[in-house]
Amino acid sequence: MAQSSDVVPADKKLYSLRDVTGTVDSIPLISASIMSKKLVVPADSIILDVKMGSGAFMKDLDSAIELSNVMIEIGKRHNRNIGAMITNMDRPLGRAIGNAIEVKEA
């Protein structure tokens, strides 16, 4: 889910602030941004897909685990069943590459 004028409208402004202050990769700020969008949905359970690798904010497994743990703790504090998967963006998850054939494969 992305921010919009109806869902966490301050998120875009906070991201811009993180950009100019050099804090884009701050785990507490990333966690707050992601979880503010997840928690607005009235779901009992949340599964997070935490990306790691050269194409992600989290470049290595240790930082992806740290981010996952922070977001899981936030979810638990809001009485949600929550878990996280860490996926590697350095290689395709499936055999297909490209929007249409990835959808077909899924």
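## Pocket lining and the crossing of H2 with H3

Modeller: In this predicted model, the residues that line the largest pocket divide into 12 nonpolar, 2 polar and 6 charged.

Biologist: How large is the volume of the largest pocket, and which residues of its lining are the closest to its centre?

Modeller: The volume comes to about 420 Å³, and of the 20 lining residues the closest to the centre are Ile30, Ser33, Ile34, Lys37 and Phe57. Ile30, Ile34 and Phe57 count as nonpolar, Lys37 as charged and Ser33 as polar, because Ile and Phe are on the nonpolar list, Lys is on the charged list, and Ser falls among the others.

Biologist: Which element gives the most to that lining?

Modeller: Helix H2 does, with 5 residues, although helix H1 (10-21), H2, strand E1 (45-52) and H3 each supply at least two.

Biologist: What makes H2 and H3 oblique to each other, rather than parallel or perpendicular?

Modeller: The axes of H2 (residues 27-39) and H3 (residues 61-77) come within 10 Å and cross at roughly 45°. Angles under 35 degrees would count as roughly parallel and those from 65 to 115 as roughly perpendicular, whereas roughly 45° falls in neither range, and the two helices are therefore oblique. As for its hand, the crossing is right-handed.

Biologist: Which residues of H2 and H3 meet, and how do they divide into nonpolar, polar and charged?

Modeller: From H2 come Ile27, Ile30, Ser31, Ile34, Met35 and Leu39, which meet Ser63, Glu66, Leu67, Val70, Met71, Ile74 and Gly75 of H3. These residues divide into 9 nonpolar, 3 polar and 1 charged.

Biologist: Why does Gly75 count as polar here?

Modeller: Gly is placed among the others that count as polar, so Gly75 joins Ser31 and Ser63 in that class, while Glu66 is charged.

Biologist: What pattern does the protein chain follow along the sequence?

Modeller: The pattern reads α-α-β-α-β-α, in agreement with a total of 4 helices and 2 strands.

Definitions and conventions. Residues numbered from 1 in each chain as written. Predicted model: local features only at pLDDT ≥ 70, side-chain atom pairs only at ≥ 80, totals over all residues. Heavy atoms only, no water. Axes fitted to C-alpha atoms, helices over the stretch in contact; angles between N-to-C directions. Parallel < 35°, antiparallel > 145°, perpendicular 65-115°, else oblique. Left-handed = near helix turned anticlockwise from the far one by under 90°. Contact = heavy atoms within 4.5 Å. 1 Å grid on protein atoms, 1.4 Å probe; cavity = no way out; pocket = protein on both sides within 12 Å on 5 of 7 lines; lining within 4 Å. Points joined across faces, edges and corners; volume = space filled by probe spheres on them.
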